[in-house]
Amino acid sequence: MSVETRQRDSRLFAEAKRVLQSNRHTGRSPWGNRSFDFVCPSNVTYPFQWLWDSCFHAIALTHVDVRLAQQELLCLLQAAQPDGFIPHMILWEREKYLKQIASYSIAMLNDYLTATSQPPVLAQAVERVFLAGRDQTFLATVLPKAKAYYRWWIQHRDPDHDDLVAIIQPDESGLDALPSYDALLHMPTLDPDGLRQAMARLFGAYAPLRRDSAALIAADVFVVEDLLTNCAYAQGLRSLARLCRSNQEMDNAAEFDQLAGRVEHALVDKCYDEQRGIFFDLLGVAERPSGVVTVTSLLPLMLDNLDPAICKRLIEEHLLNPAEFWLPYPLPSVAANEPTFDAEAKTGLLWRGSTWVNLNWLLVGGLRRHGYAAIADELVARTLEMVARGGFREYYSPYSGAGYGALDFGWSTLVLDFLERI
Ligand code: GLC
């Protein structure tokens with residue numbers, strides 16, 4: 001490693017630590033006088049606690065202070081509901097940011113919690129935090145809520161019992177305006193106002209149904225068996241099984257492993273397009289393949305078990321294809337040859353072509369798991385270079401590496417894993 005690279009890496013390490021520190025919020029909330037201590041995604045744009053962001057923050061924090069990593073998850077789990085549901089946002093300091101809240105398109109469960117969830121990467125975070133500290137008390141404390149959360153997905157989001165879970169809102173995947181969802185969202189214009197109007201229409205249709213999961217799906221307004229959600233779910237179930245084993249819960253471990261196997265199988269069986277050698281989200285109760293190639297079409301690489309022939313096609317025909325994903329700063333969130341591709345979010349809509357650190361992180365893990373270490377290393381190198389150029393931002397241009405969106409963005413600190421070669 002050259003001196004310049006070493007200096008760059010130590011700068012990135014120090015900056016990541018600074019972001020995690022400066023985004024930390026602590027205090028007491030009027031929400032039942034609970035105390036909070038968490039890292040927000042960005043102080044200016046996103047001053048609350050988000051579910052999947054917090055899971056990524058906890059993973060990044062294992063490089064800084066394992067106690068803080070534990071705290072991040074313990075704080076999040078205060079929002080877990082008796083039926084296992086965990087909301088995608090906790091508005092701890094709601095009163096301080098009312099104007100900000102008014103600008104979001106969100107549906108609420110109560111004044112402080114949203115009514116929808118986010119990709120189930122909780123067990124992956126619990127596993128990383130547990131492995132970093134081997135703290136059995138921490139594990140025993142968080143495991144019941146983690147198990148209940150994954151059971152919530154089974155019980156509430158798989159009414160057709162095909163082992164794939166469904167999301168009911170675009171932001172529930174964490175990928176708000178991913179073009180795969182266009183066919184269901186019907187945005188009147190491709191811009192933030194068009195998205196707001198589409199969300200308002202969705203919320204109107206859902207208003208009488210909010211408390212009834214089966215009715216929300218049966219209404220068939222926005223139902224997606226989403227690749228990111230299901231890959232996160234399957235991978236999370238594997239983590240959960242290992243965690244159960246570490247807590248001497250052998251029956252639960254077997255149950256979660258078995259379910260993970262079924263989800264992995266269903267993903268290939270129902271979402272894989274043999275002709276094109278890639279995966280598609282399934283839209284609506286009728287499960288129509290979206291036909292849109294996005295970075296989530298590659299995410300089955302995250303799975304523990306994937307046919308090596310499928311891995312090879314995903315990587316050689318798509319991930320490494322310069323017409324699709326292998327741009328100077330990969331991986332763009334949408335394939336570059338899709339008509340909707342918008343590399344620098346010129347439409348003002350998110351997840352339509354820019355590169356995001358968390359998805360690269362998920363795919364680096366997948367590439368390593370399936371024996372593609374050299375490609376994983378190259379993706380790591382380009383991601384580090386991108387963050388060094390663009391700073392810790394929300395998303396990046398896949399062409400120039402320039403950073404866009406929120407400043408000091410939390411989950412971009414996942415590069416700490418890359419710096420420590422995990
Ligand atoms: C954006 C992202 C979402 C994330 C949130 C907070 O809305 O699309 O995935 O959780 O910001 O960072």
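This short presentation covers the ligand site and the cysteines of the structure shown above.

The model is predicted: local features need pLDDT of at least 70, side-chain atom pairs count only at pLDDT 80 or more, and totals for chains, interfaces and linings use all residues. Residues are numbered from 1 along each chain as its sequence is written, and side-chain values use heavy atoms, with hydrogens and water left out.

I begin with the ligand. The residues around the ligand, meaning those with a heavy atom within 4 Å of it, include Tyr-46, Trp-50, Asp-53, Gln-118 and Phe-409. By class, this shell has seven nonpolar, two polar and two charged residues; Trp, Tyr, Phe and Pro are among the types counted as nonpolar, Asp, Glu, Lys and Arg count as charged, and Gly is among the polar ones.

Which side chains have a polar atom 2.6 Å or 2.8 Å from a ligand oxygen? They are Asp-176, at 2.6 Å, and Trp-351, at 2.8 Å. The protein covers 94% of the 300 Å² of accessible area that the ligand has on its own, as computed by the Shrake-Rupley method with a 1.4 Å probe.

I turn now to the cysteines. The structure holds zero disulfides, a disulfide being a pair of cysteine sulfur atoms within 2.5 Å. Why does Cys-244 form no bond to Cys-55? The two sulfurs are 16 Å apart, too far for a bond, and Cys-55 holds the closest cysteine sulfur. Likewise, the sulfur of Cys-271 is too far for a bond, because the closest cysteine sulfur, in Cys-231, is 8.1 Å away. Cys-244 is buried at 0% relative accessible area, where buried means under 20% with a 1.4 Å probe and protein chains only. Cys-271 also counts as buried, at 3%.

Terms used: A polar contact is a pair of N or O atoms within 3.5 Å; within protein, one must be able to donate a hydrogen and the other to accept it, and residues adjacent in sequence count only if both atoms are side-chain atoms. Buried means under 20% relative accessible area, exposed over 50%, partly exposed in between (1.4 Å probe, protein chains only).
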